[in-house]
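Welcome! Here is a short, friendly tour for anyone meeting this structure for the first time.

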Amino acid sequence: MKACIQRVSSARVRVAGETVGEIGRGLLVLLGVAADDGPAELRWMVDKVLGLRIFDDGEGKMNLGLTDVGGELLVVSQFTLLGDCRKGRRPSFIGAAAPEMAERMYDEFVAAARAAGVTTATGRFRTNMEVELVNDGPVTILIDSTDR
């Protein structure tokens with residue numbers, strides 16, 4: 001499982017001109033599910049994302065987490081994070097999970113974040129989405145569950 005996490009002042013997702021998910025201060029998570037991901041990778045990723053201390057404290061140090069600042073989460077499915085560009089110029093997506101599995105894992109990630117008490121908005125799985133964000137910092141973190 002891979003995630004690109006961006007600390008944002010605001011973010012939103014539109015599908016066909018309609019806003020389907022929107023947050024204020026918090027984290028935008030672009031989430032990609034690999035074919036060999038399972039419950040262990042999912043739980044680890046949820047814990048890692050929700051526990052990241054990437055918000056400034058009173059002294060300007062990145063020392064606070066999402067819940068410490070009352071932040072929100074916007075989770076957008078992003079299978080292209082699994083693109084393998086090692087050979088040629090066209091990415092291979094063979095390592096990405098099948099859509100049915102990826103959607104289930106994506107839904108479980110969102111449910112776990114909500115169960116933890118985090119206000120969570122989403123994109124719309126398997127659609128062409130427009131993602132707008134104001135990156136705060138900028139702060140962008142890449143996380144891969146295979147590196148745990």
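## Two loop residues with positive phi

Let's begin with Ala-16, which sits in the loop between strand S1 (2-15) and strand S2 (18-23). This is a predicted model, and in it the phi angle of Ala-16 is near 50°, a positive value in a residue other than glycine. Ala-16 has a relative accessible area of 80%. Because exposed means over 50%, Ala-16 counts as exposed.

Arg-126 is another loop residue to look for, placed between strand S7 (120-122) and S8. Its phi is near 60°, again a positive value in a residue other than glycine. With a relative accessible area of 61%, Arg-126 is exposed.

## A cis peptide bond

Next, find Gly-137 and Pro-138, which are joined by a cis peptide bond. The omega angle there is about 0°. Pro-138 belongs to strand S8, which covers residues 130-144.

## Helix H1 and its buried side

Now turn to helix H1, which runs over residues 39-51. The helix has 13 residues, and at 1.5 Å a residue the expected span is 18 Å. The C-alpha atoms at its ends are 18 Å apart, so the model agrees with that expectation.

Which residues of H1 are buried? They are Glu-41, Leu-42, Met-45, Val-46, Val-49 and Leu-50. These residues cover an arc of only 145° around the axis, so they lie on the same side of H1. There is a simple background to this pattern: an α-helix has 3.6 residues a turn, so residues three or four places apart point the same way.

What do the buried residues of H1 pack against? Their partners are S1, S3, S6, H2 and S8.

## The largest pocket

Finally, have a look at the open spaces. Rolling a probe the size of a water molecule over the atoms shows where empty space is left. The largest pocket holds about 360 Å³ of space. Strand S3 (26-32), strand S6 (72-77) and helix H2 (99-115) are the elements that each give two or more residues to its lining.

In total, 19 residues line the largest pocket. Those nearest its centre are Ser-77, Gln-78, Phe-79, Thr-80 and Arg-126. Arg-126 may look familiar, as the exposed residue from the loop between S7 and S8. By class, the lining is made up of 12 nonpolar, 6 polar and 1 charged residues.

Notes:
Residues are numbered from 1 along each chain as its sequence is written. This is a predicted model: local features need pLDDT of at least 70, side-chain atom pairs count only at pLDDT 80 or more; totals for chains, interfaces and linings use all residues. Side-chain values use heavy atoms; hydrogens and water are left out. Helices (H or I, at least four residues) and strands (E, at least two) are DSSP runs, numbered from the N terminus. Buried means under 20% relative accessible area, exposed over 50%, partly exposed in between (1.4 Å probe, protein chains only). On a 1 Å grid over the protein atoms alone, a cavity is a set of points where a 1.4 Å probe fits but cannot get out, and a pocket is an open set with protein on both sides within 12 Å along at least five of seven lines; lining residues have an atom within 4 Å of a point. Grid points are joined across faces, edges and corners, and a volume is the space filled by probe spheres set on the points. Ala, Val, Leu, Ile, Met, Phe, Trp, Tyr, Cys and Pro count as nonpolar, Asp, Glu, Lys and Arg as charged, and the others, Gly among them, as polar. The expected span of a helix is 1.5 Å times one less than its number of residues. The arc is that of the directions from the helix axis to the C-beta atoms. Contact means heavy atoms within 4.5 Å.
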